[in-house]
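Me: I am new to this structure and would like to go through it by question and answer. Please show it to me before we start.

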Amino acid sequence: MMERIGLVDIGSNTIRLVIFEFDTKTGLNEILNIKTPARLSQYLTDDLKMNQDGIDVLTTTLHSFKSVANKFEVNELHPVATAAIRQSTNQNEIIKHIKSELDISIKIIPDQEEAFYGFYAITHTTDVEDGVSIDIGGGSTEVTLFKDKTIIEAHSFPFGVVTLKRKFFEDKDHNDKSAIKAMEKFIAKQFEQLPWLQDQKIALVGIGGSARNVARIHQSEHSYPIGGVHNYSMTEEDMDEVYKIIKKSSRDDLKDIDGLSRDRIDIILPAVSVFKTLFEQINATHFTFSRKGLREGYIMKLISERHPQEFKKENIRKDALYHLANEYSIEESSAKQRVKLAQSLLSQLIDLDKIQVTKKEQELFAEGAYLYYLGRFIDADSSSPHTYYIIANSMIDGFPHEDRVKLAMLASFKNKSLLKFYSQETAWLRGKELDHIQFLGGIIKFVNALNISHTSPVERVALQEEDGAYTLYVHYIGEPIAEEYQSLRQKKHIEKILKENLSIIFTKS
């Protein structure tokens, strides 16, 4: 059953409408994402009362977003508010006004709950086991510490990029040296208040728009070859590089930095300062990114309560591949048959000491067999390139970027020449590692030939060696005429591994 859920994220810096579509087969997908830089925190007076101008901006925005949600026929709309309204002393008045004017019920997310949703999204869509998450908004900054994907501590600081800008850069340039020094001293003091943040030596995980902009700037500077920031990682030197680019740029220069959103030009430096300072406090191993945060965490938790089998943090990769396969109409029975035969043949080649592969390579091999040639959904004649570019540039939960590229190469394998062509795009794999991808991809292509009719006629395969000669016995039921023909055409891929000729004998079970 398909569900459409709209979520309005009423933040201190932006108000955003995201419409999600959920189906048990294709998972959770974002079908619309629009925003406006409302900057609600600037409408808070000294006594933290939101003035009428701020309430009017909120009312106008929600009226527009409600109309959009209605046109998209959402089943339900969830407007959730964070720091700006949470900190407002007249929050009850604001909520009553919106209910009266628009018949919309705003839910205020408590600070601890906001931190939890970010943690939930990270641990259910990435492979990070231990980390400190940070989500810096306009008026607050949420941090959590988690180990073994279990939350240990959470805290919300009452400052964000907009409030830092107002506090330290009022009537000053965005890169004023004295303002930066004062701000970073303030930030460090804030983080030092939490003993559990100190010297953790684990990953720092950034979520939210400011973190995404940092990643995109770095990717643009290095002409990063594949799409997406989900599971992208940066070193401390990489962060310093982005920091220096922003510090040395004039306000006009900032407009020309690829990857930096125009509505974040005046607040990106406070954000990077916060990330850098926290990186040093926790002595982080690296800075990685989750494209999914508060909004996704809220919706995923909501759906998991209705569908308890969904969003298991132990099955992230498996579920992601299942949803991707369904999105591109891969027949599940054929995919499972391909994996079964591929794993059996690889195991026999390992036993014969013809190939050595790591456990990680075996996992990627099975995943590649499952998704093999999903690009045929677009065009059967160019399945390989479509498969490679779909997988390499899709945001697949649980997959670091290098794993994603390896998976794309395995699932798209056609021949050595095309593999080398794909590998040139990233230049991440070479030598022995690329040879392994070629051999493993060849096995997948060969076993795909053993079910070319999609009727699963082959029950099992047995590879035998006698006096240096190799024979593959293919035990079948039914009439595998197409399989006999195709396996002879593709046996060269196994012969490259054996470094010997291979005879294939089809034997009726």
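Reply: UniProt positions are given here in the numbering used for this structure, and such annotations may be inferred rather than shown by experiment. The model is a predicted one.

Me: Which residues does UniProt list for "domain: Ppx/GppA phosphatase N-terminal"?
Reply: The feature comes from an unreviewed UniProt entry. Its span is 46% helix and 18% strand, with end C-alpha atoms 17 Å apart. UniProt gives the feature as residues 25–302.

Me: How much strand is there in residues 316–418?
Reply: UniProt, again in an unreviewed entry, places "domain: Ppx/GppA phosphatase C-terminal" at these residues. The end C-alpha atoms of residues 316–418 are 30 Å apart, and the chain there is 66% helix. The strand content is 0%.

Me: Is valine 80 buried or exposed?
Reply: Valine 80 sits in strand S4, residues 76–81. Leaving aside neighbours within four places in sequence, its contacts include Leu7, Val8, Ile109 and Tyr298. A residue counts as buried under 20% relative accessible area. Valine 80 has 1%, so it is buried.

Me: What distance separates the C-alpha atoms of valine 80 and arginine 295?
Reply: Along the chain, valine 80 and arginine 295 are 215 residues apart. In the model, their C-alpha atoms are separated by 9.0 Å.

Me: Which side chain makes a polar contact of 2.9 Å with the side chain of glutamate 3?
Reply: Glutamate 3 lies in strand S1, residues 3–10, and counts as buried at 10% relative accessibility. Its side chain makes a polar contact of 3.4 Å with that of arginine 306. The polar contact of 2.9 Å is with the side chain of histidine 307.

Me: How many residues are in the largest nonpolar core?
Reply: Leu345, Leu371, Ile443 and Leu472 have the most contacts inside this core. Leaving aside neighbours within four places in sequence, leucine 345 is in contact with residues including Ile443, Phe446 and Leu472. Apart from this core lies another, of 51 residues, among them Tyr232 and Ile246. The largest core has 62 residues.

Me: Which strands are the edge strands of the open sheet with the order S12-S13-S14?
Reply: This sheet has 3 strands with mixed pairing. An edge strand pairs on one side only, and that holds for strand S12 (458–466) and strand S14 (502–508). The twist averages 20° from one strand to the next. The edge strands are S12 and S14.

Me: Which residue in S14 does tyrosine 470 stand opposite?
Reply: Strand S13, residues 469–476, runs parallel to S14 and is joined to S14 by 7 bridges. The residue in S14 opposite tyrosine 470 is leucine 502.

Me: At about what angle does helix H13 run to S12?
Reply: Helix H13 covers residues 332–351 and lies across S12 and S13. Its angle to S12 is about 15°.

Me: Is aspartate 103 buried or exposed?
Reply: Aspartate 103 is in the loop between helix H3 (91–102) and strand S5 (107–108). Aspartate 103 has a positive phi of about 55° although it is not a glycine. Exposed means over 50% relative accessible area. At 54%, aspartate 103 therefore counts as exposed.

Me: What is the phi of asparagine 283 near?
Reply: Asparagine 283 is placed in the loop between helix H10 (268–282) and strand S11 (287–289). At 36% relative accessibility, asparagine 283 counts as partly exposed. Its phi is positive in a residue other than glycine, with a value near 55°.

Note on methods
Residues numbered from 1 in each chain as written. Predicted model: local features only at pLDDT ≥ 70, side-chain atom pairs only at ≥ 80, totals over all residues. Heavy atoms only, no water. Helix = DSSP H or I, 4+ residues; strand = E, 2+ residues; numbered from the N terminus. Buried < 20%, exposed > 50% of the residue type's maximum accessible area, 1.4 Å probe, protein only. Contact = heavy atoms within 4.5 Å. Core = buried A, V, L, I, M, F, W, Y, C linked by side-chain atoms within 4.5 Å. Polar contact = N/O pair within 3.5 Å; in protein donor to acceptor, adjacent residues only side chain to side chain. Pairing = 2+ DSSP bridges. Axes fitted to C-alpha atoms, helices over the stretch in contact; angles between N-to-C directions.
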